[in-house]
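Good morning, colleagues. Please bring up the model on the screen, and I shall go through its domains and then through some of its helix packing.

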Amino acid sequence: MKPSLYGNNLESLNHWLSSNGHSKNQGEVLFRYLFNGEKDNIRPQFSNKMLKDLEESFSKRLPIPSSTQTAKDGTIKFLMKMEDGEEVESVLIPFYKKYTLCISSQVGCAMNCDFCYTGTMGLKRNLKAGEIVGQYMYAVKYLRSLKSNEPLPNIVMMGMGEPLHNFDEVKRALEILTHEKSYALSPRQITLSTVGYLPGLKRWHEMPPVNLALSLHSPVKEIRDQLIPVNRGYPLPEVMEVLEAVPLHHRQVITYEYLLISGLTDRDEDAHKLAKILIGKKAMINLIPFNPYPGSAYKKPSTSDVVRFKSILVSYKLMTMVRTTKGDEILAACGQLKAKTQDPLQ
Ligand code: SF4
């Protein structure tokens with residue numbers, strides 16, 4: 001399979017141009033055309049020789065949806081088919097006046113988190129940068145077909161896969177998406193969520209300065225080990241130590257995702273222990289009531305338990321939000337993503 005044309009950052013395009021005897025001056029024009037051509041109505045003149053060479057070296061195929069489902073709350077889930085037939089999910093979530101796109105970074109996932117539908121698939125393969133960028137390109141096209149002046153969606157890297165387990169391709173995709181000649185997204189419009197995969201977190205300084213979210217889910221070692229098996233190799237105290245070194249600008253915080261599972265992670269003692277870990281840190285806690293999926297062993301907490309848990313954290317003056325569940329009727333909510341072609345009970 002040829003590499004995707006959309007997986008090129010400006011440097012690699014320039015390198016390809018000069019190694020194939022084309023003028024490097026074309027690099028910026030080509031890069032801008034690939035990602036902004038339609039919107040800016042750019043019609044640059046490229047030589048036939050260059051177009052032929054591009055065709056021979058790269059695939060211009062973008063991921064295409066095999067299915068699209070829209071929930072009553074406006075959440076749109078795409079099952080995106082890659083060139084080799086593998087499928088991942090991308091989800092557009094309406095949030096105030098714009099959408100946020102939840103992007104996948106891998107086909108399946110190796111982390112095997114116990115609460116996660118995707119985790120039941122195992123890892124099939126990493127996505128290439130062009131396949132990650134391609135999910136965004138498709139979502140932008142789709143939104144603009146509904147409304148031509150729809151603002152560019154924000155991004156959360158929280159779809160299928162552990163993004164830091166596919167570090168180099170995710171890094172390249174984020175470089176492309178934030179480049180001033182491409183979509184020029186501000187790194188602040190992008191949040192990458194990790195379960196605490198330490199080899200990737202230790203390289204965080206190499207990433208564009210996007211927002212970071214850690215799936216913490218339990219302050220109790222045994223329970224976190226059960227929910228997120230990588231905690232056994234990369235325990236939370238070590239992860240927190242690495243996070244301490246992450247440079248943050250004065251208003252930036254690290255988001256701590258916390259899954260509220262009835263009777264397991266939503267007890268008063270859990271809230272107090274969580275508060276003790278996060279007190280004094282530039283932290284924002286995002287409480288996520290568990291979304292059950294077919295065959296899941298865990299239960300959703302009651303609304304009163306969510307309120308009680310939140311009030312304990314707030315009593316420690318910790319910034320705390322409860323994430324509203326969106327798209328759960330089409331299995332598009334957090335931890336529910338799994339390519340539809342799989343048997344949900346397998
Ligand atoms: S929660 Fe994230 S890291 Fe864990 S199995 Fe699911 S996709 Fe992978």
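Which domains does the domain assignment of the chain give? There is domain 1, covering 5-57, and there is domain 2, covering 64-330. Please bear in mind throughout that this is a predicted model.

Let me turn to how the two domains are placed. Taken over C-alpha atoms, the centres of domain 1 and domain 2 are 33 Å apart. At the interface, 14 residues of domain 1 touch 13 residues of domain 2. Interface size is often expressed as the accessible area lost when the parts come together. Here, about 1,200 Å² is buried between domain 1 and domain 2. Carbon and sulfur atoms account for 61% of that area.

I now move to the helices, beginning with H4, residues 129-146, and H5, residues 167-178. Their axes lie 8 Å apart, and the packing angle is about 45°. The two helices, H4 and H5, are therefore oblique to each other, since the angle falls outside the ranges for roughly parallel, roughly antiparallel and roughly perpendicular. The crossing of H4 past H5 is right-handed. Which residues make this contact? From H4 come Ala129, Ile132, Val133 and Tyr136, while H5 supplies Glu169, Val170, Arg172, Ala173, Ile176 and Leu177. By class, the residues in the contact of H4 with H5 comprise eight nonpolar and two charged, with no polar residue.

The second pair is H9, residues 268-278, and H10, residues 303-315. At what angle do the axes of H9 and H10 cross? They cross at roughly 30° and come within 9 Å. Angles under 35 degrees count as roughly parallel, and H9 and H10 are therefore described in that way. H9, too, passes its partner H10 in a right-handed crossing. On the H9 side, the residues are Asp268, Asp270, Ala271, His272, Leu274 and Ala275. They meet Arg308, Phe309, Ile312 and Leu313 of H10. This contact of H9 with H10 contains six nonpolar residues, one polar residue and three charged residues.

To close, I would return to the two helix pairs: H4 and H5 are oblique, whereas H9 and H10 are roughly parallel. Thank you for your attention.

Methods:
Residues numbered from 1 in each chain as written. Predicted model: local features only at pLDDT ≥ 70, side-chain atom pairs only at ≥ 80, totals over all residues. Heavy atoms only, no water. Axes fitted to C-alpha atoms, helices over the stretch in contact; angles between N-to-C directions. Helix = DSSP H or I, 4+ residues; strand = E, 2+ residues; numbered from the N terminus. Parallel < 35°, antiparallel > 145°, perpendicular 65-115°, else oblique. Left-handed = near helix turned anticlockwise from the far one by under 90°. Contact = heavy atoms within 4.5 Å. Nonpolar A, V, L, I, M, F, W, Y, C, P; charged D, E, K, R; others polar. Domains from an automatic or database assignment. Buried area = accessible area lost by both parts, 1.4 Å probe.
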